[in-house]
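Me: I would like to learn how to read a protein model feature by feature. Could you take me through one?
Reply: Gladly; here is the one we will work with.

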Amino acid sequence: MTAKRPPQRARALTIAGGVSMVLGLGGLLFTQGYQGNFLDKGLYEAAQRGDSAAVLNLLDRGANPQFRTASGETACDAAEKIDRKDIVLMIGIYGGCGAR
């Protein structure tokens with residue numbers, strides 16, 4: 001005779017199944033090209049904090065160097081604000097910053 005699962009375990013398994021479905025959908029969206037926006041925002045944020053290694057990594061992974069935030073600012077603008085000429089040049093090599 002098998003023991004009945006407690007209701008909490010059944011509920012947890014149902015939730016886990018739902019989470020798996022959502023994560024699967026997220027993976028599908030990620031592979032469908034929706035990753036660009038995450039990379040682009042990440043590029044802007046990395047430039048804003050002066051993280052040159054992250055900027056290079058994101059550019060290598062396909063982040064758009066010409067991405068503009070809702071306020072119209074680019075990663076290049078963010079790097080210029082904190083006087084990181086190395087990041088400005090790096091973004092320029094990838095086609096951003098008006099290819100300075």
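Me: Let me start with a single side chain: is Asp-51 buried, partly exposed or exposed?
Reply: Before the answer, keep in mind that this is a predicted model. Asp-51 has a relative accessible area of 27%, so Asp-51 is partly exposed.

Me: Which residue forms a salt bridge with Asp-51?
Reply: The general idea is that side chains of opposite charge can pair when their charged atoms come close. Here the partner of Asp-51 is Arg-49, and the closest N and O atoms are 3.6 Å apart. Arg-49 counts as exposed, because its relative accessibility is 54%.

Me: How many salt bridges does the structure hold?
Reply: There are 4 salt bridges. One of them joins Glu-73 and Lys-81, with 3.2 Å from N to O. Its two ends sit in contrasting surroundings: Glu-73 is buried at 12% relative accessibility, whereas Lys-81 is exposed at 63%. Another pairs Asp-83 with Lys-85, at 2.8 Å from N to O, and both of these residues are exposed.

Me: Let me step back to the fold. How many helices and strands does the chain have?
Reply: The chain has 4 helices and 0 strands, and reading along the sequence gives the pattern α-α-α-α. Of its 100 residues, 30% count as buried. As for the surface, the accessible area is about 6,900 Å², and carbon and sulfur atoms account for 59% of that.

Me: Which residues of helix H4 are buried?
Reply: First the general idea: an α-helix has 3.6 residues a turn, so residues three or four places apart point the same way. In H4, which covers residues 85-93, the buried ones are Ile-87, Val-88, Met-90, Ile-91 and Gly-92. Just after H4 comes Gly-95, with a positive phi of about 100°.

Me: What about loops? Where is Pro-65 found, for instance?
Reply: Pro-65 belongs to the loop between helix H2 (52-60) and helix H3 (75-81). A loop residue can still be covered: Pro-65 has a relative accessible area of 11% and is therefore buried.

Me: Which residues is Pro-65 in contact with, leaving aside its neighbours within four places in sequence?
Reply: Its contacts are Leu-43, Leu-59, Ile-91, Tyr-94, Gly-95 and Gly-96. You have met two of these already: Ile-91 is among the buried residues of H4, and Gly-95 is the residue with the positive phi. On a C-alpha basis, Pro-65 and Tyr-44 are 8.6 Å apart, with their positions 21 residues apart along the chain.

Me: Is Thr-74, in that H2 to H3 loop, buried or exposed?
Reply: Thr-74 is buried, because its relative accessible area is 8%. Leaving aside neighbours within four places in sequence, Thr-74 touches Tyr-44, Gln-66, Phe-67 and Arg-68.

Me: Last topic: which cysteines form a disulfide?
Reply: In general, a disulfide is a covalent bond between the sulfur atoms of two cysteines. The structure holds 1 disulfide, formed by Cys-76 and Cys-97 with their sulfur atoms 2.0 Å apart. The pair links distant parts of the chain, since Cys-76 lies in helix H3 and Cys-97 in the segment after H4, 21 residues apart. Both cysteines are buried.

Me: Why is the disulfide of Cys-76 and Cys-97 called right-handed?
Reply: Look at the torsion about the S-S bond: the torsion is about 120°, so this disulfide is right-handed.

Definitions and conventions. Residues are numbered from 1 along each chain as its sequence is written. This is a predicted model: local features need pLDDT of at least 70, side-chain atom pairs count only at pLDDT 80 or more; totals for chains, interfaces and linings use all residues. Side-chain values use heavy atoms; hydrogens and water are left out. Buried means under 20% relative accessible area, exposed over 50%, partly exposed in between (1.4 Å probe, protein chains only). Helices (H or I, at least four residues) and strands (E, at least two) are DSSP runs, numbered from the N terminus. A salt bridge is a side-chain nitrogen of Lys or Arg within 4 Å of a carboxyl oxygen of Asp or Glu. Contact means heavy atoms within 4.5 Å. Accessible areas come from the Shrake-Rupley method with a 1.4 Å probe; for residues, only the protein chains shown count as cover. A disulfide is a pair of cysteine sulfur atoms within 2.5 Å.
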